[in-house]
Amino acid sequence: TVQVDYTAAFCQAYLDHDVYIEIPQGWSRLNKMGLTQQFKEGQVLKLQRSLYGQKDAPRNWFLHLKGKLEKQGLKQSAHDPCLFIGRNLLCLVYVDDCLFFSPKSEDIHQLIKDLKNDSLDLNIEDDVAGFLGLDIKRLENGHIQLSQPGLIDRVITAMGLDDCNPKFAPTPSEALGR
């Protein structure tokens, strides 16, 4: 498993319609673009890519990423639009994070390399166990244990219970019935 985070994800997606913005305060020239002319009163900039805060930016990003994943041979699930299925690979999309699952790590790393070569700016984070602070442990009996120790610690601190006197109440280890 591998977790991937896309750098400035929304800004990687091209717009499918015209969007104009006022010139940001403090800008007087477009020197970085090679233009030396001074902006004139009333001029605006035409955006080519989405910006954070635009109402359609999340959708633009998802459609952009979907196109890149489909180009690599993954197909969107009919049951869950955030699940993409490849020959030996699953990809689960959560906003600007992707979780990749495969029996062979080489398949995941080849896909990530191909996505980078297709102009996606991304960082490999960790395996899926660290996603959203979730701790996943495989037990010897084949079961999977899930916990969120980071979230628990944050809640205890937020509630001011760091110095409390805990009383442990054991809970049953078997699953609850219907």
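## A walk from strand E1 to lysine 68

Strands E1 and E7 run antiparallel to each other and are paired over four bridges; two strands count as paired if DSSP finds at least two bridges between them. This is a predicted model, in which local features need pLDDT of at least 70 and side-chain atom pairs count only at pLDDT 80 or more, while totals for chains, interfaces and linings use all residues. Residues are numbered from 1 along each chain as its sequence is written, and side-chain values use heavy atoms, with hydrogens and water left out.

Let's stay with E1 for a moment. Within the pairing to E7, glutamine 3 has leucine 99 as its bridge partner. E1 also pairs with E8 in the antiparallel sense, again over four bridges, and here valine 4 is matched with isoleucine 124. Four of the five residues of E1 are buried, where buried means under 20% relative accessible area, exposed over 50%, and partly exposed in between (1.4 Å probe, protein chains only).

Stepping back, the protein has three helices and 10 strands; helices (H or I, at least four residues) and strands (E, at least two) are DSSP runs numbered from the N terminus. Along the sequence they follow the pattern β-β-β-α-β-β-β-β-α-β-β-β-α. Of the 178 residues, 26% are buried. Among contacts (heavy atoms within 4.5 Å) with a separation of 6 or more, 53% are between residues 24 or more positions apart.

One such long-range meeting involves phenylalanine 100, which sits in strand E7. Its C-alpha atom is 5.2 Å from that of valine 2, although the two residues are 98 residues apart along the chain. Phenylalanine 100 is buried, with a relative accessible area of 0%. Leaving aside neighbours within four places in sequence, its contacts include Val2, Val4 and Tyr6, as well as Ile108, Leu111, Ile112 and Leu115.

Those last four names lead us to helix H2. Spanning residues 105–117, this helix has 13 residues and reaches 18 Å from its first C-alpha to its last, close to the 18 Å expected at 1.5 Å a residue; the expected span is 1.5 Å times one less than the number of residues. Ile108, Leu111, Ile112 and Leu115 are the buried residues of H2. They lie on the same side of the helix because they cover an arc of only 100 degrees around the axis, the arc being that of the directions from the helix axis to the C-beta atoms. On the other side of H2, Glu106 and Asn117 are exposed. The cover over the buried residues includes E1, H1, E7 and E8.

Where does this lead in the interior? The largest nonpolar core has 22 residues, of which Tyr6, Leu65, Leu69, Cys91, Phe100 and Leu115 touch the most other members. Such a core is a set of buried Ala, Val, Leu, Ile, Met, Phe, Trp, Tyr and Cys residues joined through side-chain atoms within 4.5 Å. E1, H1, E6, E7 and H2 each give two or more residues to this core.

Our last stop is lysine 68 in helix H1 (residues 57–71). Lysine 68 is buried, with a relative accessible area of 13%. A polar atom of its side chain lies 2.8 Å from the backbone oxygen of aspartate 118, and a polar contact of 3.4 Å joins its side chain to that of serine 119. Polar contacts are pairs of N or O atoms within 3.5 Å; within protein, one must be able to donate a hydrogen and the other to accept it, and residues adjacent in sequence count only if both atoms are side-chain atoms. Serine 119 follows H2 and has a positive phi, near 70 degrees.
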